[in-house]
Amino acid sequence: MAAAAAALAPATPLRYKPYSTLRFLSFYSKNLTTPRLSPPLPRRPFQFHSTVPPKRCFCSVVSAALQSGERTKTEFQEKKVGEMGNTVGEFRKKLKIADIKGGPDGGLDRVGQTLVVMGWVRTLRVQSSVTFLEVNDGSCLSNMQCVMNSDAEGYDQVESGLIATGASIWVQGTLVASQGAKQKVELKVDKVVVVGQSDPSYPIQKKKVSREFLRTKAHLRPRTNTFGAVARVRNALAYATHKFFQENGFVWISSPIITASDCEGAGEQFCVTTLIPSSREATDSPVRAIPNTKDGLIDWSQDFFGKPAFLTVSGQLNAETYATALSDVYTFGPTFRAENSNTTRHLAEFWMIEPELAFADLNDDTACATAYLQYVVRHVLDNCKEDMEFFNTWIEKGIIDRLNDVAEKDFVQLPYTDAIELLLKAKKKFEFPLKWGCDLQSEHERYITEEAFNGCPVIIRDYPKEIKAFYMRQNDDGRTVAAMDMLVPRVGELIGGSQREERLEYLENRLDELKLSKESYWWYLDLRRYGSVPHAGFGLGFERLVQFATGIENIRDTIPFPRTPGSAEF
């Protein structure tokens, strides 16, 4: 049927005719002529020096070791300024293990060079005639195997036990071709210096430990393979996010963290207040110290902002203000939700990516979201190959193929009504019952994208207005709003967006329906009074994106220091 064909059409080609552009259609091509979607930023040439100069010394023991006459040239050139003071030396990028081993030949082009490696000891193996040190500096998954003989300077530190797992060391040696099968090159050590000793109680040893245990050691867990790889992929996704939006003419906006409005209208916000006395420990503050009105209510007029204030759940409303002046903007920052949930999908503190497009409708929104996701996924596949191979082997087998499908396939979209019909006809028993008007649960979302459409991302659109936020544009049928959710395998909903209600009367009526204060949103309503335009946007939880790209099951393992109910350590 023609209606069914239209419902299952790819999301990307749909455009909003009065304001359509080709920016997203022309931006991404599946038939790339080169394997790299985006070239790396040009780097200043790194000038290699056989030893570390005195200006790079970072503790007295290393300073003494490195000031032994081995240097041939200083890295930071000093210049006298008058009778007193010197100019600041030139900053230069350190040579890291990723620079040494990251080339196509795995470092063989540097064989014969005298190199310095600084990092942390992962393992130490002492044999009768030789000692093997595995050193990692965090720049890549691979360790540098350092081979020491007893005649190497500083070998006594091995014999005395100063060099142990977890210790930080400075190693100088000659790069040679490795005789082992696990690496192409290794460092034949001439000299080693312990920078920081590691106590025998160091909790991260070679034996396998659970991720639950590592959450209690969040300050040390980035030294493991898994969390080091997650951190690098997270970094790559953040870089690609800024790169995508900047290349498409968006302006980055810093949205406020403290707000007096609730974007989602759910009331799950953290309160920010100075009414609790801060002159002593907060745990010793008596309740009677909080100022009250004559009616026994909290006297918010005495608070710092003169009224209740909260940590933001979204930067969207603020981004809309700048979209109506700069056309296309995006926010990328921390958000907070006081939802008492202990699932593997929820955090109390998380980061959100929220673009807003002026002169755009829901079709532009879905096209932008599709182009964005394909871009960042391709960037990770092209630039984090070693880490992605690790995830493919140890975390989720097949993740590389799954991400390639996302980067290459056309996305499917269908109306919410059709999605409900599809789920009701499914030969599968769901835990949560279904009917038109209910919100989709994770099990429903994953069935649609993983089973019904064989792993293809799916965009559900035109949801019932009763289950969506007040700011979403009402469709002509009066029952639904121009909203969309992007569903992806393993995660379910990854992106949620909508066309915003640009009509003042409709927006005011919706606020009244939901019993939300129009006075609190006076400035938001002003945007509809003064040069209102059709506009749209979406929100993406960054940690869910990291979860999707790495295969990590628990969202608490995608952020350096997770904040969850009952847990705010570190």
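**A colleague's note on the cores, helix α15 and a surface patch**

1. Let's start inside this predicted model. The largest nonpolar core has 54 residues, and those touching the most other members are Leu 237, Phe 245, Leu 373, Met 388, Phe 391, Leu 545 and Phe 548. Helix α8, spanning residues 362-383, gives this core its largest share, with 11 residues.

2. There is also a second, separate core to look at. This one holds 32 residues, among them Tyr 416, Ala 419, Cys 438 and Tyr 524. As background, nonpolar side chains in soluble globular proteins tend to be buried together.

3. Phe 391 deserves a click in your viewer. Apart from neighbours within four places in sequence, Phe 391 is in contact with Thr 226, Ala 229, Val 230, Val 233, Glu 396, Ile 399 and Thr 550.

4. Thr 550 leads us to helix α15, where this threonine is one of the buried residues. How many of the nine residues of helix α15 (residues 542-550) are buried? The count is nine of nine, so the helix is mostly covered. The buried set includes Leu 545 and Phe 548, both named among the core residues that touch the most other members. Charged residues are in the buried set too, including Glu 543 and Arg 544. Just after α15, Gly 551 adopts a positive phi of about 85 degrees.

5. Now for the outside. A nonpolar patch on the surface is formed by Ile 257, Ile 258, Phe 304 and Phe 305, which together have about 390 Å² of accessible area. Of these, Ile 258 lies in strand β7 (residues 258-259). Why is Ile 258 called partly exposed? Because its relative accessible area is 39%, which falls between the 20% and 50% cut-offs.

Terms used
Residues are numbered from 1 along each chain as its sequence is written. This is a predicted model: local features need pLDDT of at least 70, side-chain atom pairs count only at pLDDT 80 or more; totals for chains, interfaces and linings use all residues. Side-chain values use heavy atoms; hydrogens and water are left out. Patches are made of residues with over 30% relative accessible area and no salt bridge: like charges are joined within 9 Å, nonpolar side chains (Val, Leu, Ile, Met, Phe, Trp, Tyr) within 5 Å. Accessible areas come from the Shrake-Rupley method with a 1.4 Å probe; for residues, only the protein chains shown count as cover. A salt bridge is a side-chain nitrogen of Lys or Arg within 4 Å of a carboxyl oxygen of Asp or Glu. Helices (H or I, at least four residues) and strands (E, at least two) are DSSP runs, numbered from the N terminus. Buried means under 20% relative accessible area, exposed over 50%, partly exposed in between (1.4 Å probe, protein chains only). A nonpolar core is a set of buried Ala, Val, Leu, Ile, Met, Phe, Trp, Tyr and Cys residues joined through side-chain atoms within 4.5 Å. Contact means heavy atoms within 4.5 Å.
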